[in-house]
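Subject: Structure for you to look at

Hello,

Here is the structure I said I would pass on. Please open it first, then read my notes below with it on the screen.

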Amino acid sequence: MVTHRYTVVAIILHWVMAIGIGLLAVMGLVMTHLKLDPMRLFQLYQLHKSIGVTVLLAAVVRLAWRLAHRPPELPESMPPLERAAASTGHLLLYGFLFGLPLTGWALVSVSVIAIPTVIFGVIPWPHLPVLSTLADKAPVEAVFKQVHAFGAYALLALVGGHAAAALRHHFIIRDDVLLRMLPRRRRTTGVQPVEVNQNVRSIS
Ligand code: HEM
């Protein structure tokens, strides 16, 4: 039944983080692959770091919320292999939501030019201890740059698969898996809502 939905907080966190990751991916590619005016580049780096740290903090809130609130069950009609794929995908997404911003934070902490991070131009953000005090930072910075870039591409591939699976549920299997992660639509008539069965496939 559609009554099994994600909570409003889970829905907000999900879409805010999805938008954040999309923006970070575009900014990251622009920063590292286009020739920009140094001032613009500096601003873009600061914005990328600010949104990245926000995604990291949102991931902490999201994990805490997820542990305290059971998500809706997967449709009963879902084959075991698809269930396993969905759980593995979600687990990996959580891993990347923490891991990728942490590699970005590590990268700026060990940067040889040591530019301070000021979140949205207001809150000074510290560098990670140990990394910021290393004597020979350059080789470690180079490693974190690679790890951050490959991690970002891997996350984008994972997000692509995740979105494709959600669209397959909506348009091909035609169940409520995507709808329960969308804001509930306000009813404009006095007509009673018709409950949609999760297992639409079996009656269509
Ligand atoms: C989910 C979070 C994040 C995503 C999706 C993301 C994505 C990206 C991408 C796609 C690139 C370009 C990689 C390349 O092609 O070389 C990049 C570069 C970069 N990111 Fe992130 N990022 C995230 C979080 C962070 C955070 C939290 C920080 C720092 C606090 C950060 C700092 C940087 C820096 C400094 C670069 C430039 C590296 C270089 O100069 O080669 N990122 N990021």
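I started from one residue, Ile21. Apart from its neighbours within four places in sequence, Ile21 is in contact with Val55, Leu155 and Val159. Please keep in mind that this is a predicted model.

Ile21 also belongs to the largest nonpolar core, which has 9 residues in all. The others in that core are Leu24, Val55, Ala59, Phe96, Leu97, Leu100, Ala152 and Leu155. Each of α1, α2, α3 and α4 supplies at least two residues of this core. Which helix gives the most to this core? It is α3, with 3 residues. There is also a second, separate core of 6 residues, and Leu107, Val108, Val110 and Phe144 are among them. As background, nonpolar side chains in soluble globular proteins tend to be buried together.

Next, the packing of two helices. In general, such a pair is described by the angle between the axes and the distance between them. For α2 and α3, the axes come within 9 Å and cross at roughly 145 degrees. The crossing of α2 and α3 is left-handed. On the α2 side, the contact is made by Lys49, Gly52, Val53, Val55, Leu56, Ala59 and Leu63. On the α3 side, Tyr94, Leu97, Phe98, Pro101, Gly104 and Val108 take part. Sorted by class, this contact of α2 with α3 has 10 nonpolar, 2 polar and 1 charged residues.

The model also has a ligand, with 26 residues around it. Which of them come nearest? They are Gly28, Gly52, Gly104, Ala149 and Ala152. At least two residues of the shell around the ligand come from each of α1 (8-33), α2 (38-68), α3 (80-109) and α4 (138-173). By class, the shell divides into 17 nonpolar, 7 polar and 2 charged residues.

Last, have a look at Val177, in the segment after α4. Is Val177 buried, exposed or partly exposed? Val177 has 19 other C-beta atoms within 10 Å, and a buried residue needs 20 or more, so Val177 counts as partly exposed. Leaving aside neighbours within four places in sequence, Val177 is in contact with Pro75, Ala166 and His169. Val177 and Glu73 are 104 residues apart along the chain, and their C-alpha atoms are separated by 9.5 Å.

Regards

Technical notes. Residues are numbered from 1 along each chain as its sequence is written. This is a predicted model: local features need pLDDT of at least 70, side-chain atom pairs count only at pLDDT 80 or more; totals for chains, interfaces and linings use all residues. A residue is near a molecule or strand if its C-beta atom, placed from the backbone, lies within 6 Å of it. Helices (H or I, at least four residues) and strands (E, at least two) are DSSP runs, numbered from the N terminus. Ala, Val, Leu, Ile, Met, Phe, Trp, Tyr, Cys and Pro count as nonpolar, Asp, Glu, Lys and Arg as charged, and the others, Gly among them, as polar. Axes are lines fitted to C-alpha atoms, for helices over the stretch in contact, and angles run from 0 to 180 degrees between N-to-C directions. A crossing is left-handed if the near helix is turned anticlockwise from the far one by less than a right angle, and right-handed if clockwise. Two residues are in contact if their C-beta atoms, placed from the backbone, lie within 7 Å. A residue is buried if 20 or more other C-beta atoms lie within 10 Å of its own, exposed if 12 or fewer, and partly exposed in between; C-beta atoms are placed from the backbone. A nonpolar core is a set of buried Ala, Val, Leu, Ile, Met, Phe, Trp, Tyr and Cys residues joined through C-beta atoms within 7 Å.
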